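Me: I should like to learn how to read the features of a structural model in order. May we take them one at a time?

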Amino acid sequence: MGAHAFSGRRDVPLPANEPVLTYAPGSDERRRIGRALDALAEERIEIPLVIGGRRVRSGRTRPVVMPCDHRHVLADCHMATPRHVRDAITAAVEAQREWAAWPWEDRLAVFLKAAELLATTWRDRVNAATMLGQAKTVHQAEIDAACELIDFWRFNCRFAAELYAEQPISSPGVWNQLDHRPLEGFVYAVTPFNFTAIAGNLSSANVIVGGATVWKPASSALLSAWMLMQLYEEAGLPPGLINFVPGDPEAVSDVALSSPDLAGIHFTGSTAVFQSLWRATGANIARYRSYPRVVGETGGKDFIVLHPSADLQAAAVAIVRGGFEYQGQKCSAASRIYVPRSAWPELRDRVLAMTADLRMGDVRDFGNFMGAVIDRNAFARIRGYIAHAKRTARVLAGGGCRDRVGYFVEPTLVQVDDPGHRLMREEVFGPVVAVYVYPDRQWRSMLELVDTTSPYGLTGAVFARDRQAIIEASTALRHAAGNFYINDKPTGAVVGQQPFGGGRASGTNDKAGSKLNLMRWLSPRVIKETFVPPVDYTYPFMKAGEPPSGD
Ligand code: NAD
């Protein structure tokens, strides 16, 4: 590295959240996304591994299909072997040495440029890949793949600059400095299918602050992941800092987690997988050069609690949007609802009327509110839950599943009599909402039930006009949700506004897209410099003289 031309502290522009485009009829963006969808659907792309900046073809490929039309192959993706993962680790560790020595402003510039590319020239292609590959409607793709990821990059850059500005105090004659070192080694990023933005955030957060990543994307979101890899390259990210190793999750993880250079895990996905990664890390603990930082955001069993004073129309909209948007495949999706008996008939009729109105089908038809669920396994799992509901509860709406063309599951509303029913405890991760009707006078004990029914603690909402009830719910449910909503649906957290994550079985609650998360990827060094060091080892109290008083 040569000397840097700048002197003086530079700052990162204060970001604003990226505006969400509407895609209304006649709009420019609607025409553009239409063209991008057509172009991608006509291609059959070959997706290589990317290791140390080189595109590597393993020869073992896996087809990438459209969930809305599963015979349509969008791409073929090469799968990594253990040797590729080892190469990726070596590349990451080597690339990081130089990257960590770059002026931080230049590192951040790469990601500010990535955000700008995504906001402009890459927006349509990344959105279209998310729509076709992950079955998101245009609105769901726009708020995720475009806006949220742009926000993650811009806000993380700003947060990094703020962190770098934090320095300790110094006493006279001394200068104390904090060297915000990145972790030594590589971070293993394992990303879920359901948010392109999370794939981008998890692969890059530690890189923004000087680290390097070995990235294993979800096998059901490979097209959008490949777009992000290309975007990183265009933004000027040096080779080796983010290595792309799609492959069998267990085989890739075995190699990554047994490397002495493992510095951290950045995971989002299901609770069971996170626990298996943590277990493997524990078993290997003596091998590592440092204690790996383990950051994981996992499942949820997110609630909406209605008080008798709730606005029922607002609550009904929250249930329908919160429960059925993106086919219920959000970790924050509303999936257990607690309704006072006095409000139930009216609320039920409102939810049923809205649900009957929802259209489901191919996401290229913009009249559809819902698309398909992600793949055959998800379809079978959700269908199993619905079959169980039909045997043990009342299915009030939906319940239909068909997979001839795409993996379609109708928005399904189930009323349970037992508040401990499986559908009130387990994450379904599909468009299935369970309702439990409680006697109005049991409001307080019902709050206790909400708190203790499921092991998760991700999101939840209370609907009430009565302020005292809001205080009671917020207090009783303090640990039941890391993101708590008052008179709003429990989905749709915005970077910088509602930093996201939950506790209990839902994760380490390191709040994606916040300073708290970036801090997990730093290992500070404190430097104390003494300008004129002492040259005499004795202290004044040791000098000869009268004895201390009292002797
Ligand atoms: P998943 O756990 O099946 O997969 C997540 C990642 O782990 C994928 O990359 C997958 O290939 C990998 N994986 C799977 N099995 C593995 C194994 N045995 N060893 C190592 N890696 C393995 O989850 P998913 O279906 O992609 O995503 C849905 C889950 O993610 C839901 O539980 C949802 O609640 C959760 N999620 C949580 C958040 C949050 O912020 N809390 C956000 C999005 C999704």
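Reply: We may begin with the contacts of a single residue. Leaving out residues up to four places away in sequence, alanine 75 touches Arg44, Ile45, Ile47, Arg62, Pro63, Val64 and Leu223. Please keep in mind throughout that this is a predicted model.

Me: In which element is alanine 75 found, and is alanine 75 buried or exposed?

Reply: Alanine 75 is found in strand S5, which covers residues 69-78. Its relative accessible area is 0%, and because buried means under 20%, alanine 75 is buried. One may also read backbone separation: the C-alpha atoms of alanine 75 and glutamate 43 are 7.7 Å apart, although their positions lie 32 residues apart along the chain.

Me: How many residues surround the ligand, and which are the closest?

Reply: The ligand is surrounded by 27 residues, the closest being Thr191, Lys216, Ser270, Thr298 and Glu427. For polar contacts, one looks at the individual atoms. An N or O atom in the side chain of glutamate 427 is 2.6 Å from an oxygen atom of the ligand. For phenylalanine 193, a backbone N or O atom lies 3.2 Å from a ligand oxygen; for glycine 269, a backbone N or O atom likewise lies 3.2 Å from an oxygen atom of the ligand. As for cover, the ligand taken alone exposes 830 Å², of which the protein buries 86%.

Me: How should salt bridges be read, and how many does a search of the whole structure find?

Reply: The general idea is that side chains of opposite charge can pair when their charged atoms come close. In this structure, the search finds 28 salt bridges. One of them joins the side chains of glutamate 18 and arginine 154, at 3.1 Å from N to O. This pair links distant parts of the chain, 136 residues apart: glutamate 18 is in the segment before helix H1 (28-42), and arginine 154 is in helix H5 (residues 138-165). Both glutamate 18 and arginine 154 are buried.

Me: Which residue forms a salt bridge with aspartate 144, and where are the partners of the bridge between lysine 515 and glutamate 166 placed?

Reply: Aspartate 144 forms a salt bridge with lysine 136, with the closest N and O atoms 2.9 Å apart; aspartate 144 and lysine 136 are both buried. The side chains of lysine 515 and glutamate 166 meet in a salt bridge of 3.6 Å, N to O. Here too the pair links distant parts of the chain, 349 residues apart, with lysine 515 in helix H16 (residues 515-519) and glutamate 166 in the loop between H5 and strand S6 (174-179). Lysine 515 is partly exposed, at a relative accessible area of 25%, and glutamate 166 is partly exposed at 42%. Salt bridges that share partners also join Glu18, Glu116, Arg123, Glu142 and Arg154 into one network.

Me: What does histidine 180 contact, leaving aside its neighbours within four places in sequence?

Reply: Histidine 180 is in contact with Leu163, Tyr164, Glu166, Gln167 and Leu522, those neighbours being left aside. A polar atom of the histidine 180 side chain lies 2.9 Å from the backbone oxygen of leucine 163. Histidine 180 is found in the loop between S6 and strand S7 (186-190) and is buried, with a relative accessible area of 14%.

Me: How should a positive phi be read, and which residues illustrate it?

Reply: In general, most residues other than glycine have a negative phi. Phenylalanine 429 has a positive phi of about 60 degrees although it is not a glycine. Phenylalanine 429 lies in the loop between helix H13 (422-425) and strand S18 (432-438), and counts as buried at 16% relative accessibility. Asparagine 487, also not a glycine, has a positive phi of about 55 degrees. Its place is in the loop between strand S21 (483-486) and strand S22 (503-504), and asparagine 487 is partly exposed, with a relative accessible area of 37%.

Me: Finally, which residues form a nonpolar patch on the surface?

Reply: Tyr537, Tyr539, Phe541 and Met542 form such a patch, with about 580 Å² of accessible area together. Within the patch, phenylalanine 541 is placed in the segment after strand S23 (525-530) and counts as exposed, at 69% relative accessibility.

How values were computed:
Residues are numbered from 1 along each chain as its sequence is written. This is a predicted model: local features need pLDDT of at least 70, side-chain atom pairs count only at pLDDT 80 or more; totals for chains, interfaces and linings use all residues. Side-chain values use heavy atoms; hydrogens and water are left out. Patches are made of residues with over 30% relative accessible area and no salt bridge: like charges are joined within 9 Å, nonpolar side chains (Val, Leu, Ile, Met, Phe, Trp, Tyr) within 5 Å. Accessible areas come from the Shrake-Rupley method with a 1.4 Å probe; for residues, only the protein chains shown count as cover. A salt bridge is a side-chain nitrogen of Lys or Arg within 4 Å of a carboxyl oxygen of Asp or Glu. Helices (H or I, at least four residues) and strands (E, at least two) are DSSP runs, numbered from the N terminus. Buried means under 20% relative accessible area, exposed over 50%, partly exposed in between (1.4 Å probe, protein chains only). Contact means heavy atoms within 4.5 Å. A residue is near a molecule or strand if one of its heavy atoms lies within 4 Å of it. A polar contact is a pair of N or O atoms within 3.5 Å; within protein, one must be able to donate a hydrogen and the other to accept it, and residues adjacent in sequence count only if both atoms are side-chain atoms.
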